[in-house]
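Student: Please take me through this structure. I want to hear what stands behind each label.

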Amino acid sequence: SGSSGATIRNSVLWSNNLNGILIQDRSIGEGSASSSLNLINNVIWGSRNAVQLTGQSSLSSYNNLFQANSTAGRVYLLSAGQKNIVSDYNAFFRENNAFIAERQEPGLDVQYFTRLAEWQADLTNDVHSLSHDPLVADALAGDFHLQSAGRRFLPNGGFTNDADGVY
């Protein structure tokens, strides 16, 4: 057995059908390997589940913007007994009754985390994270910069002011 790891940093994962990211164990010959992933400074938006972890996969997640939308949507969808997560300083945006997390438990039991406070209490993760509408500029068009009441930088290095009532 062994492990493999990767880092996704400063990326936008947008409008995938089922999962923004799927982290799963993989078979290597007669053995198996658990996968690990570091997520740092990303936007994961527009997928049914932002992140799905299977088997003994592990996740380290810091300073990301996660969105889940629909009653079937989850920010984190976790396999049975999955607790290999270290996470903080994230922003969670749930729409249309989506959950922060769902974890399969041994047997047929399922544990649902509908609010950030429940998720924080379970694994003591995300103690500095927030759960609210981040007020991005235009998510449908893939523009995830935050709306602002004041000046903000443009890609060309200049400044602009958002129109009144936009922020």
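Tutor: Start with a sheet: five strands form an open sheet in the order E3-E7-E10-E13-E14, and their pairing is mixed. Strands (E, at least two residues) and helices (H or I, at least four) are DSSP runs, numbered from the N terminus. This is a predicted model, where local features need pLDDT of at least 70 and side-chain atom pairs count only at pLDDT 80 or more, while totals for chains, interfaces and linings use all residues. Residues are numbered from 1 along each chain as its sequence is written, and side-chain values use heavy atoms, with hydrogens and water left out.

Student: What makes strand E3 (19-23) and strand E14 (110-113) edge strands?

Tutor: Each of the two pairs on one side only. Pairing needs at least two DSSP bridges between two strands.

Student: How many bridges join strand E10 (residues 74-78) to strand E13 (residues 99-104)?

Tutor: Four, and the two strands run parallel. The cut-off is at least two, so E10 and E13 count as paired. Look at Leu-77: its bridge partner in E13 is Glu-102.

Student: What holds paired strands together in general?

Tutor: Strands of a sheet pair through backbone hydrogen bonds, either parallel or antiparallel.

Student: What is the order of the open sheet with parallel pairing?

Tutor: E2-E6-E9-E12-E15, again five strands. Strand E2 (12-14) and strand E15 (130-131) each have a single partner strand, so one side of each lacks a neighbour in the sheet. Inside this sheet, strand E9 (residues 65-69) pairs with E12 over five bridges, in the parallel sense. Phe-66 stands opposite Phe-92 in E12.

Student: Why are Trp-45 and Phe-93 called a tilted aromatic pair?

Tutor: Rings of Phe, Tyr and Trp (its six-membered ring) pair if their centres lie within 6.5 Å; planes under 30 degrees apart are stacked, over 60 edge-to-face, the rest tilted. Here the centres are 5.6 Å apart and the planes 35° apart, so the pair counts as tilted. Trp-45 sits in strand E6 (residues 43-45) and Phe-93 in strand E12 (residues 91-95), 48 residues apart. Both Trp-45 and Phe-93 are buried (under 20% relative accessible area; exposed is over 50%, partly exposed in between, with a 1.4 Å probe and protein chains only).

Student: How many aromatic pairs does that rule give?

Tutor: Nine. Ring pairs also link Phe-66, Tyr-76, Phe-92, Phe-113 and Trp-119 into a cluster.

Student: How do you know that Glu-102 and Arg-74 form a salt bridge?

Tutor: A salt bridge puts a side-chain nitrogen of Lys or Arg within 4 Å of a carboxyl oxygen of Asp or Glu. For Glu-102 and Arg-74, N to O is 2.7 Å, so the pair qualifies. Glu-102 lies in strand E13 and Arg-74 in strand E10, so this bridge ties together parts 28 residues apart in sequence. Glu-102 is at 10% relative accessibility, so it counts as buried. Arg-74, at 7%, is buried as well.

Student: What makes Arg-103 and Asp-122 a salt bridge?

Tutor: Their closest N and O atoms are 2.8 Å apart, so they meet the cut-off. Arg-103 is in strand E13 and Asp-122 in helix H1 (residues 116-123), 19 residues apart. At 0%, Arg-103 counts as buried, whereas Asp-122, at 26%, is partly exposed.

Student: How far apart are N and O in the salt bridge of Glu-118 and Arg-115?

Tutor: They are 3.9 Å apart, so this pair also counts. Arg-103, Glu-105 and Asp-122 are joined into one network by salt bridges that share partners. The count of salt bridges comes to four.

Student: Is Asn-97 buried or exposed?

Tutor: Its relative accessible area is 62%, so Asn-97 is exposed. It lies in the loop between E12 and E13. Its phi is near 65°, a positive value in a residue other than glycine. Ser-70, in the loop between E9 and E10, also has a positive phi, about 115°, and is not a glycine. At 25%, Ser-70 counts as partly exposed.

Student: Which residues does Ala-137 contact, leaving aside neighbours within four places in sequence?

Tutor: Asp-143, His-145 and Gln-147, where contact means heavy atoms within 4.5 Å. Ala-137 is in strand E16 (residues 136-138). Ala-137 and Gln-147 are 10 residues apart in sequence, and 5.3 Å apart from C-alpha to C-alpha. At 30%, Ala-137 counts as partly exposed.
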